[in-house]
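I opened this notebook to record how the helices of one protein pack against one another. The entries follow the order in which I looked things up.

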Amino acid sequence: MNDWQQRFDRRIMRSIGMPLLKLERGDGAHVWDDEGREYLDFLAGIAVNSLGHAHPVFVEAVSRQAATLAHVSNYFTTEPALELAERLVRLSGAGEHGRAWFGNSGAEANEAAFKLARLNNSGGARTRVLALVDAFHGRTMGSLALTGKPHMREAFEPLAGGVEHIPATIEALEAAIDGTVAALIVEPIQGEAGVVELPAGYLEAARELTRRHGALLIVDEIQTGAGRTGAWFGFQHAGIEPDAITVAKGIGGGIPIGGLITFGAASDLYSKGQHGSTFGGNPLATAVANAVLGEIERAELVANAARRGPQVRERIEGLGSPLVAGTRGRGLLIGVALTRPVAGRVVEAALEHGLIVNAANDVTIRLAPPLNIGDAEIELFAERLAASLDDLVRATD
Ligand SMILES: *Cc1c(COP(=O)(O)O)cnc(C)c1O
């Protein structure tokens, strides 16, 4: 182990594995490590750095707001918080009744959504919450209860009760749903599970079934939101209106923030004193999110994600590597299916060639580059990925 690895090993909680690199700075889609080596970042902090690194709009917003008013607590409101709530209601189409609650992370957004589900209890009749097998909703106790990954849950049971994980099929939902269900929570694309899309027509059917049975439809847009999939939010591709969405990751572009946006009658479920967060919605985080979302709008980066995604996938498939089975996903949330369980080795080979990608699981590489990538970044990505895959093919032949 080198020096930083030793320091990490000694002082950072063992819940986090040894990091791949120690990074020092970033610029656009590029980062540099502590030895001055440059990398093309096609993970963007897991779909967080929407504008890339050190974008002038981000830097200006952080600096200006930090020098003006950074934090006030929920006893006060500020212009950035009001503006962000209005902006997210507008962008999500939550409409006339739309409301926002702010926290500091995705898990916290889903905690707020879980509590919202509990409030939809019809006088105690609704005790069940449905989530999907393989779903990822976060690591806190409530969001972990919603998460459908046994290896993440087992050490921490018992978790919050009443959650059932059903397969992502319309038939399974039809079989599970009745008047005892308070809510169904789904990701439009299961990012952590390996960029797995819902079956065609699932969200439409889920909307119909949840409405018929009085359950809330909650869409976890933490990874798919902020334009990532080529729409502001993933559910918008299906043309449905959910009862609530959760947001985090890309809406802050690197500042920690999460939120719950409610639609229609779901906006009346919470009443005074039922939820809160000391940091939640503070002017620093909300001002930066406003600036990031404003830049996504101004530079038309939602459309860029829609346009660049297929280009990236075309380049990957065009490499004709025997390691690549195909690509999937939407916009700039892309899964590369491998023909062999070597995703960890692809990540390492890519680092050797100055490229950051992610192993969502053994057989899937996940890509979530900044939303503002262009021809130059895609060209460099294809070059570096080709070299990495070639190395691996040679090594395993
Ligand atoms: C990342 C993620 C979360 C958890 O967000 P944190 O900020 O890590 O707590 C929840 N749901 C989805 C779909 C995510 O991708």
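**Entry 1. Terms.** Before reading any helix pair, I noted that an axis is a line fitted to C-alpha atoms over the stretch in contact, and that angles run from 0 to 180 degrees between N-to-C directions. I also noted that the model is predicted.

**Entry 2. α12 and α13.** I began with helix α12, residues 343-352. Its axis and that of α13 come within 8 Å and cross at roughly 125 degrees. Angles from 65 to 115 degrees count as roughly perpendicular and those over 145 as roughly antiparallel, so I entered α12 and α13 as oblique to each other. I recorded the crossing as right-handed. On the α12 side I listed Arg345, Val346, Ala349 and Ala350, which meet Ser388, Leu389, Leu392, Ala395 and Thr396 of α13. Sorted by class, this contact has six nonpolar, two polar and one charged residues.

**Entry 3. α11 and α13.** I then turned to a second partner of α13. Helix α11 spans residues 301-318 and α13 spans residues 375-396; they pack at about 25 degrees, with axes 10 Å apart. The cut-off for roughly parallel is under 35 degrees, and α11 and α13 are therefore entered as roughly parallel. Their crossing is right-handed. From α11 I noted Arg308, Gln311, Val312, Arg315 and Ile316 in the contact, and from α13 Asp375, Ile378, Glu379, Phe381, Ala382 and Leu385. These residues divide into six nonpolar, one polar and four charged.

**Entry 4. α4 and α10.** How are helices α4 and α10 set against each other, and at what angle? I found α4 (residues 79-92) packed on α10 (residues 283-298) at about 40 degrees, with 8 Å between the axes. That angle makes α4 oblique to α10. I logged the crossing as left-handed. The residues of α4 in the contact are Pro80, Ala81, Glu83, Leu84, Arg87, Leu88, Arg90 and Leu91. Those of α10 are Pro283, Thr286, Ala287, Ala289, Asn290, Leu293, Gly294 and Glu297. I counted them by class as nine nonpolar, three polar and four charged.

**Entry 5. Two single residues.** Is glutamate 79 buried or exposed? Glutamate 79 belongs to helix α4. Its relative accessible area is 53%, so I entered glutamate 79 as exposed. I also looked up its separation from serine 92, 13 residues away along the chain, and found 20 Å between the C-alpha atoms.

Glutamine 65 lies in helix α3, residues 56-66. With a relative accessible area of 7%, glutamine 65 is buried. Leaving aside residues up to four places away in sequence, I found glutamine 65 touching Ala70, Pro80, Pro283, Leu284 and Ala287. Pro80, Pro283 and Ala287 also appear in the contact of α4 with α10.

**Entry 6. The whole protein.** I closed with overall values. The protein has 13 helices and 17 strands. Its radius of gyration is 21 Å, which agrees with the value near 21 Å for a compact globule of 397 residues. Along the principal axes, the C-alpha atoms fill a box of roughly 65 × 55 × 45 Å. I recorded 54% of the 397 residues as buried. Of the contacts with a separation of 6 or more, 71% are between residues 24 or more positions apart.

Technical notes. Residues numbered from 1 in each chain as written. Predicted model: local features only at pLDDT ≥ 70, side-chain atom pairs only at ≥ 80, totals over all residues. Heavy atoms only, no water. Helix = DSSP H or I, 4+ residues; strand = E, 2+ residues; numbered from the N terminus. Left-handed = near helix turned anticlockwise from the far one by under 90°. Contact = heavy atoms within 4.5 Å. Nonpolar A, V, L, I, M, F, W, Y, C, P; charged D, E, K, R; others polar. Rg over C-alpha atoms; globule rule 2.2 N^0.38 Å. Buried < 20%, exposed > 50% of the residue type's maximum accessible area, 1.4 Å probe, protein only.
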